[in-house]
Amino acid sequence: MAHPVQTHGEPGLGPVGLRGVAADFSSDQRAFKTASWGKAMMWIFLLSDTFVFGCFLIAYMTARMSTPVAWPNPSEVFALHIGGQNVPLILIAIMTFVLISSSGTMAMAVNFGYRRDRRMTAMLMLLTAVLGAGFVGMQAFEWTKLITEGVRPWENPWGAAQFGSTFFMITGFHGTHVTIGVIFLIIVARKVWRGDFDVERRGFFTSRKGRYEAVEIMGLYWHFVDLVWVFIFAFFYLW
């Protein structure tokens, strides 16, 4: 006996045909409607920040490719004198390792937040903040070293004058993001440790009740900061 042909998809699956196409196009809208206010606003902020960092990197690449003067060699500029010899990019490699490691501890903090493990969530967020602060500290050392060697936004002793302005603009803007992230990591970790999210105590920024979702939102921001550094590392230090 012939079986009837299903026109609306298998049980538990989405619609097929034109209805399936329409469902695919509207899925983002449904996902957005079910997202919380805080998470939606964070995604919008990250999207706008992506355009800002993108504009900075495009401006840097344009300046670098259009200048007739030779661009400074990153392996020489960012080398450290260790053991009687110059080690290229050693500090940048350590900074990158520290920041990427902090992304892992932040992901673990979000995982324990879902489990409502206050102690582990707070400790991992504080560890993430410590790693972020270490990154900012090493960046401050890098800035101090270059300024001492004569790098300014308008000149430098190695080549194209645009090097200093693009370096301070891009790394400074990113470092500001990391610093802000460290501050908010400490604030949210303190609220987790006190148990504010377990009793949904209202926050001091707004009158909304605090929930563990704040840990996930903080994680979105931190992963974005880490991802941006990957592009800065590739385009500015390795190119």
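Helices are DSSP runs of H or I that are at least four residues long, and they are numbered from the N terminus. Ile-183 belongs to one of these runs, helix 6, which covers residues 162-194. The legends below refer to a predicted model.

**Figure 1. Overview of the predicted protein, whose secondary structure amounts to seven helices and two strands.** Read from the N terminus, the elements follow the order α-α-α-β-β-α-α-α-α. The protein has 239 residues, of which 40% count as buried, and about 13800 Å² of the protein is exposed, with carbon and sulfur atoms supplying 68% of that area. Among the contacts with a separation of 6 or more, 69% are between residues that stand 24 or more positions apart.

**Figure 2. Close-up of Ile-183 in helix 6.** With a relative accessible area of 46%, Ile-183 is partly exposed, because the range for that class lies between 20% and 50%. Ala-129 is 54 residues away from Ile-183 in sequence, while the C-alpha atoms of the two residues are 7.7 Å apart in space.

**Figure 3. Close-up of the pairing between Tyr-60 and Trp-239, an edge-to-face pair of rings.** The whole structure holds 23 aromatic pairs. In the pair shown here, the ring centres of Tyr-60 and Trp-239 are 6.0 Å apart and the ring planes stand at 90°, so the arrangement is edge-to-face. Tyr-60 is part of helix 2 (residues 37-66), whereas Trp-239 is in the segment after helix 7, and the pair therefore ties together parts that are 179 residues apart in sequence. The two partners can also be described by their accessibility: Tyr-60 counts as buried at 0% relative accessibility, and Trp-239 counts as partly exposed at 38%. The ring of Trp-239 has a further neighbour in this view, since the charged end of Arg-64 sits over that ring at 4.4 Å from its centre.

**Figure 4. Close-up of the salt bridge between Glu-213 and Lys-39.** The count of salt bridges comes to five. In the one drawn here, the side chains of Glu-213 and Lys-39 meet with an N to O distance of 3.8 Å. This pair links distant parts of the chain, with Glu-213 in helix 7 and Lys-39 in helix 2, 174 residues apart. Glu-213 counts as partly exposed, at 24% relative accessibility. Together with Glu-216, the residues Lys-39 and Glu-213 are linked in a network of salt bridges.

**Figure 5. Close-up of Asp-196, which forms salt bridges with Lys-191 and with Arg-194.** Towards Lys-191, the closest N and O atoms are 3.5 Å apart, and towards Arg-194 the closest N and O atoms are 2.6 Å apart. Asp-196 has a relative accessible area of 1% and is therefore buried, and Lys-191 is buried as well. Arg-194, by contrast, counts as partly exposed at 40% relative accessibility.

**Figure 6. Close-up of Arg-116 in the loop between helix 4 (90-114) and helix 5 (118-148).** Arg-116 has a relative accessible area of 49%, so this residue is partly exposed. When residues up to four places away in sequence are left out, Arg-116 touches Phe-197, Asp-198 and Tyr-212. For one of these partners, Phe-197, the C-alpha atom is separated from that of Arg-116 by 8.8 Å, although the two residues are 81 residues apart along the chain. As a companion detail, Arg-115 lies over the face of Phe-112, at 5.1 Å from the ring centre.

**Figure 7. Close-up of a nonpolar patch on the surface, formed by Ile-100, Leu-227, Val-230 and Phe-231.** Together these residues have about 340 Å² of accessible area. The largest share of the patch, three residues, comes from helix 7 (residues 213-238). Phe-231 is located in helix 7, and with 42% relative accessibility Phe-231 counts as partly exposed.

Methods:
Residues numbered from 1 in each chain as written. Predicted model: local features only at pLDDT ≥ 70, side-chain atom pairs only at ≥ 80, totals over all residues. Heavy atoms only, no water. Buried < 20%, exposed > 50% of the residue type's maximum accessible area, 1.4 Å probe, protein only. Contact = heavy atoms within 4.5 Å. Areas by Shrake-Rupley, 256 points an atom, 1.4 Å probe, with all protein chains shown as cover. Patch = residues over 30% accessible without salt bridge, like charges linked within 9 Å, V, L, I, M, F, W, Y side chains within 5 Å. Salt bridge = Lys/Arg side-chain N within 4 Å of Asp/Glu carboxyl O. Phe/Tyr/Trp six-rings, centres within 6.5 Å; stacked < 30°, edge-to-face > 60°. Lys NZ or Arg CZ within 6 Å of the ring centre and 35° of its normal.
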